[in-house]
Amino acid sequence: MTKRNKIIYWIATLWLSLGMVSSGAVQLIKLKEEVDMMTHLGYPLYFLTIIGVWKMLGVIAVLIPKFPLVKEWAYAGFFFAMSGAVFSHIAAGDGAKEFFGPILLIVLTVVSWYFRPESRRLRP
């Protein structure tokens, strides 16, 4: 792995982790804005706890060494959760401003996954 690819991987992975931890934390503490958004989107409020917990566990899985299969699941979970957020906002008729965060996290997920080191990949 080249130095350039390592730098890209770690920048994307750290930003992804920061985004997931910060959004997961506000979901777990049920910040009023987050509760209002989930209500607006039509989801039950217990989804905040479920999504918040899975985001925290996903960040741990992505950051710790080894366990490549668990990392694959974490990346897939991030992708599904954020693409679901984008489509939920579209279905609710929200503007592009609401899509920015989830789309950014999708991009960071894909970049982190693509540039991950060999030691963090599943071996065929």
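This report describes the largest pocket of a predicted model and three of its helix packings.

## The largest pocket

The largest pocket encloses about 850 Å³ of space. Its lining is made up of 34 residues, and those closest to the centre of the pocket are Gln-27, Ile-51, Lys-55, Ala-81 and Met-82. By class, the lining of this pocket comprises 20 nonpolar, 10 polar and 4 charged residues.

At least two lining residues come from each of α1 (3–28), α2 (32–41), α3 (46–63), α4 (68–91) and α5 (100–114). The greatest contribution to the lining is that of α4, which supplies 12 residues.

## Packing of α1 against α3

The axes of α1 and α3 lie 8 Å apart and make an angle of about 155 degrees. Because angles over 145 degrees count as roughly antiparallel, α1 is described as roughly antiparallel to α3. The crossing of these two helices, α1 and α3, is left-handed.

On the α1 side, the contact is formed by Tyr-9, Trp-10, Thr-13, Ser-17, Met-20, Val-21, Ser-23, Gly-24, Ala-25, Gln-27 and Leu-28, which meet Leu-48, Thr-49, Ile-51, Gly-52, Val-53, Lys-55, Met-56, Val-59, Val-62 and Leu-63 of α3. Divided by class, the residues of the contact between α1 and α3 are 13 nonpolar, 7 polar and 1 charged. Gln-27 of α1, together with Ile-51 and Lys-55 of α3, takes part in this contact, and Gln-27, Ile-51 and Lys-55 are also among the residues closest to the centre of the largest pocket.

## Packing of α3 against α4

For α3 and α4, the packing angle is about 140 degrees, and the axes are 8 Å apart. With that angle, α3 is oblique to α4. The crossing between α3 and α4 is left-handed.

In this contact, Lys-55, Gly-58, Val-59, Ala-61 and Val-62 of α3 meet Val-70, Lys-71, Ala-74, Tyr-75, Phe-78 and Met-82 of α4. The residues in the contact of α3 with α4 divide into 8 nonpolar, 1 polar and 2 charged. Lys-55, Val-59 and Val-62 of α3, which meet α4 here, also belong to the contact of α3 with α1.

## Packing of α4 against α5

An angle of about 160 degrees separates α4 from α5, with 8 Å between their axes. This makes α4 roughly antiparallel to α5, and α4 passes α5 in a left-handed crossing.

From α4, the residues Glu-72, Tyr-75, Phe-78, Phe-79, Met-82, Ser-83, Ala-85 and Val-86 meet Pro-102, Ile-103, Leu-105, Ile-106, Thr-109, Val-110, Ser-112 and Trp-113 of α5. By class, the contact of α4 with α5 has 12 nonpolar, 3 polar and 1 charged residues. Tyr-75, Phe-78 and Met-82 of α4 meet residues of α5 and also meet residues of α3, while Met-82 is in addition among the residues closest to the centre of the largest pocket.

Methods
Residues numbered from 1 in each chain as written. Predicted model: local features only at pLDDT ≥ 70, side-chain atom pairs only at ≥ 80, totals over all residues. Heavy atoms only, no water. 1 Å grid on protein atoms, 1.4 Å probe; cavity = no way out; pocket = protein on both sides within 12 Å on 5 of 7 lines; lining within 4 Å. Points joined across faces, edges and corners; volume = space filled by probe spheres on them. Helix = DSSP H or I, 4+ residues; strand = E, 2+ residues; numbered from the N terminus. Nonpolar A, V, L, I, M, F, W, Y, C, P; charged D, E, K, R; others polar. Axes fitted to C-alpha atoms, helices over the stretch in contact; angles between N-to-C directions. Parallel < 35°, antiparallel > 145°, perpendicular 65-115°, else oblique. Left-handed = near helix turned anticlockwise from the far one by under 90°. Contact = heavy atoms within 4.5 Å.
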